Amino acid sequence: MKNRIINVQDVPISISQQELDDYICITDIAKVKSDSSRAADVVRNWLRNRGTLEYLSVWEQIYNPQFKVFESEHFKKQAGLLTFTPSVSEWINKTDAIGLYVKRGKYGGTYAHKDIAFEFASAISPVFKLYLIKEFQRLKEEEINLEQSEWNAKRFLTKNNYLIQTDAVKNYLIPQMNYRENLQWLAYAEEADILNVALFGFTAKAWREANPELAKKNNVRDFATINELTVLSNLESHNAQMIKEGKKKEERFKILQEIAEYQLNVLNTAEQIKMLEEENQLEKI
């Protein structure tokens, strides 16, 4: 992921994502206290402090199983000595620390895990730290909103593509006989086909014969829309009740066909309205 930049009190701060977590350039933060040419010295002086080394050591022990605690003690023992001028690279190399890293080139500088970066900002300016946290939170909220928008867009496109696919199957791969007018099949039909014809307009056998390749691994209901499957479930309940009431196939088929047409029309109309609303929402983003 490319570096992101936030502006905190007119100071541009670079943020990098490393292994699913954010690292903030503390060299940029150091520019609040000194000019760009001396920002690295500010970071180095901060690292000399025993309190800083204690904080870094505890953080590493919590999050880094490979951290060399013994080596970190060597750093802490020298803290405060005039001759003690550790570099970030030296700390990383000798302790296998992961809370800090040095980047070269564009957006170069010392980067620290956000927990450590906020601690560094406290040492530079408590007020600046508050503004830094505020801007960082704003950035994260924007990223979450963007991800949600992208997810909605992908969901919308996927839904449309699915409808195109199912419509193509029904428009070009369906049996040609009009089962709803020619009821010769009805006397021998099983209950599943009564539902199939009431909803889809053809029997499962007729669909298999029209689609021999698809039928090897699928059945007609695999290509049904969510709305059709919803109506199908309702038809099953209605049909079961009518069977209990002793209604004949012809009567049940006519009723089921009317229910299917009505419910499917209601659901499809509602879906079209919802999709138009979602499309309008996406256009506003």
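Two residues are in contact when heavy atoms lie within 4.5 Å. The model here is predicted: local features need pLDDT of at least 70, side-chain atom pairs count only at pLDDT 80 or more, and totals for chains, interfaces and linings use all residues. Residues are numbered from 1 along each chain as its sequence is written, and side-chain values use heavy atoms, with hydrogens and water left out.

**Exercise 1. Get a feel for the whole chain.**

Task: Find what share of the contacts with a separation of 6 or more comes from residues 24 or more positions apart.

Solution:
- Start with the parts: the protein chain has 11 helices and 5 strands (DSSP runs, H or I of at least four residues for helices and E of at least two for strands, numbered from the N terminus).
- Now the contacts: in the protein chain, residues 24 or more positions apart make up 61% of those with a separation of 6 or more.
- Last, burial: 39% of the 285 residues count as buried (buried is under 20% relative accessible area, exposed over 50%, partly exposed in between, with a 1.4 Å probe and protein chains only).

**Exercise 2. Compare two helix directions.**

Task: Work out how helix 3 runs relative to helix 4: roughly parallel or roughly antiparallel?

Solution:
- Look up the axes, which are lines fitted to C-alpha atoms, for helices over the stretch in contact, with angles from 0 to 180 degrees between N-to-C directions.
- The axes of helix 3 and helix 4 (residues 69-78) come within 9 Å and cross at roughly 170 degrees.
- So helix 3 is roughly antiparallel to helix 4 (under 35 degrees is roughly parallel, over 145 roughly antiparallel, 65 to 115 roughly perpendicular, the rest oblique).
- Want to see who touches whom? Helix 3 brings Arg-50, Leu-53, Glu-54, Ser-57 and Gln-61, while helix 4 brings Val-69, Ser-72, Phe-75, Lys-76 and Lys-77.

**Exercise 3. Follow the charges.**

Task: Which residues belong to the network of salt bridges around Lys-140?

Solution:
- Take Asp-22 and Lys-140, whose side chains meet in a salt bridge at 2.8 Å, N to O (a side-chain nitrogen of Lys or Arg within 4 Å of a carboxyl oxygen of Asp or Glu).
- Asp-22 sits in strand 3 (residues 21-25) and Lys-140 in helix 7 (residues 126-172), so this pair ties together parts 118 residues apart in sequence.
- Check burial: Asp-22 is buried at 4% relative accessible area, whereas Lys-140 is partly exposed at 23%.
- Next, Glu-143 bridges to Lys-140 too, with the closest N and O atoms 2.9 Å apart.
- Both Glu-143 and Lys-140 lie in helix 7, 3 residues apart, about one turn of the helix.
- Put it together: shared partners join Arg-4, Asp-22, Lys-140 and Glu-143 into one network.
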